Amino acid sequence: TLDRFQLHFFHTYIYPGRDKADGWMRRWLTNHKDISVNNWDAFDVPSVTLYTPSITPFLRRLEIEQVHHMRYYQIHSTGTLLYSILVNIPYAGVTLEIISNEDLESIDSDTFTKPTKIMCAQSLELKQEPSQLMDVWELMGGQFYNDFGLPDLLLASLAYPTSDYTSFSYFFANIFGNAGVTPQSTTSKSDSCDVWSVELAVTSEISGTTYANPIYIKGVTNRAADDPASAYSISAFEKAVNETHSKNMPPSNPNSGWDAFIDMHLGVHMDVKLDLIPGLLRKHGYGYSMHPECVHNCGGGSIWATGLNPWSIEIQGYFSDQASEEIKHCSLIDYCSSTSNGDVSLNTDIVVYKDDQTTDPASNDDPPM
């Protein structure tokens with residue numbers, strides 16, 4: 001996207017819990033291959049919402065490729081009419097939404113339907129003003145015809161289904177809030193669903209000037225679309241995830257393990273130091289594993305933690321020198337290890353990139369570029 005937002009898709013054959021995760025993903029694929037107003041469930045809330053000022057090229061591409069999708073419209077609080085396309089990414093558990101304020105011809109606009117109660121309309125609301133998104137899109141050099149023959153996209157929001165949205169608000173308040181980051185959050189409640197949202201930002205530098213694109217993270221509790229007694233309910237999924245986390249990433253033993261569900265995570269970068277994060281995670285009972293982003297006593301990297309029930313979170317950033325001892329004793333992430341932990345004495349950069357690997361990697365302090 002224009003603001004460098006990324007989606008990572010990863011499949012493993014070695015991480016603990018892989019069979020359980022695979023079973024849930026296959027069930028998701030079966031239930032969501034024909035997304036529509038009539039068979040909407042709690043997992044259908046758009047995982048990723050991307051803005052574009054022109055949605056017509058996406059409509060034509062989906063029609064040509066015969067990709068099943070859903071169309072709905074909403075009226076923004078400013079009175080602007082917005083059109084959305086929803087597409088499920090196979091075997092990924094991701095519902096992708098493209099939203100636009102394009103003035104469509106009736107031949108297309110008539111194919112969009114109004115959201116029903118079961119869809120939890122407030123979870124679908126665009127928080128930003130459409131004109132604001134259009135300004136950012138233009139500022140970042142948005143093109144109506146990019147290398148893929150489609151208009152550029154801009155991240156607007158990320159949403160996650162949960163049986164209890166307060167797991168999101170609690171984590172943000174007690175982990176990020178106590179670490180010096182206090183983003184603004186709001187809660188919208190109704191008789192059938194609750195939505196918690198927090199405003200963050202994606203920053204980009206253009207011609208020496210830093211610009212911020214506001215984005216929203218949402219925790220959505222949609223009771224109208226969820227049957228707690230069902231084997232496919234949100235709470236049943238949470239139980240499977242939490243049992244796997246407890247076994248493989250216990251809060252009492254940080255940096256000791258990994259599992260297949262931890263890869264279902266939101267990723268954020270913190271501008272403040274990560275110094276307080278590990279202690280806060282331990283204090284509040286969250287399991288985590290961290291890995292540096294480089295070798296040779298590196299103080300930067302990521303912490304993968306449980307907490308956004310049933311989802312996880314990756315917190316990326318840097319430690320100050322006096323607080324970096326824990327991450328310096330962790331290895332680079334090892335995708336061939338069931339715990340994600342590798343050999344901390346091995347300079348992985350040299351093993352991957354050096355043509356002549358006869359030299360002892362650990363003895364070379366200057367890996368080739």
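Is P90 buried or exposed? P90 is exposed, with a relative accessible area of 58%, and over 50% is what counts as exposed. Welcome to this structure, which is a predicted model. The points below start from that loop residue and then move on to a four-stranded sheet, a helix lying across it, the nonpolar cores and a group of aromatic rings.

**The loop at P90**
- P90 sits in the loop that connects strand 3 (81–89) with strand 4 (94–100).
- Between the C-alpha atoms of P90 and V67 there is a separation of 11 Å, and the two residues are 23 residues apart along the chain.

**The open sheet**
- An open sheet is built from four strands, which follow the order 9-12-11-10 with mixed pairing.
- Strand 9 (265–269) and strand 10 (288–292) each have a single partner strand, so they stand at the edges and one side of each has no neighbour in the sheet.
- From one strand to the next, the twist averages 20°.
- Five bridges join strand 9 to strand 12 (residues 311–318), and these two strands pair in the parallel sense.
- Which residue of strand 12 is the bridge partner of L266? That partner is I313.

**S302, inside strand 11**
- To find S302, look in strand 11, which covers residues 300–308.
- The relative accessible area of S302 is 5%, so this serine is buried, since buried means under 20%.
- The side chain of S302 makes a polar contact of 2.6 Å with the side chain of E314.
- Setting aside neighbours within four places in sequence, the residues in contact with S302 are S289, M290, H291, E314, I315, Q316 and I327.

**Helix 6 and the nonpolar cores**
- Helix 6 lies across strand 9, strand 11 and strand 12, and runs at about 140° to strand 11.
- How many residues does the largest nonpolar core have? It has 76 residues, and those with the most contacts inside it are F171, I277, L281, I313 and I315.
- Helix 6 supplies the largest share of this core, with five residues.
- I277, one of the residues with the most contacts in the core, touches I175, A179, M270, I303 and I315 when neighbours within four places in sequence are left aside.
- There is also a second, separate core of twelve residues, and I99, L126, M134 and V136 are among them.

**Aromatic rings around W196**
- Searching the whole structure turns up 20 aromatic pairs.
- In one of them, the ring centres of F168 and W196 are 6.3 Å apart and the planes meet at 50°, so this pair is tilted.
- This pair links distant parts of the chain, with F168 in helix 6 (residues 166–176) and W196 in strand 7 (residues 193–206), 28 residues apart.
- Both F168 and W196 are buried.
- W196 also pairs with F172: here the centres are 5.2 Å apart and the planes are at 55°, so this pair is tilted too.
- Again the link is between distant parts of the chain, because F172 belongs to helix 6 and W196 to strand 7, with their positions 24 residues apart.
- Are F172 and W196 buried or exposed? F172 counts as buried at 6% relative accessibility, and W196 is buried with a relative accessible area of 2%.

Conventions: Residues numbered from 1 in each chain as written. Predicted model: local features only at pLDDT ≥ 70, side-chain atom pairs only at ≥ 80, totals over all residues. Heavy atoms only, no water. Buried < 20%, exposed > 50% of the residue type's maximum accessible area, 1.4 Å probe, protein only. Polar contact = N/O pair within 3.5 Å; in protein donor to acceptor, adjacent residues only side chain to side chain. Contact = heavy atoms within 4.5 Å. Phe/Tyr/Trp six-rings, centres within 6.5 Å; stacked < 30°, edge-to-face > 60°. Core = buried A, V, L, I, M, F, W, Y, C linked by side-chain atoms within 4.5 Å. Pairing = 2+ DSSP bridges. Axes fitted to C-alpha atoms, helices over the stretch in contact; angles between N-to-C directions.
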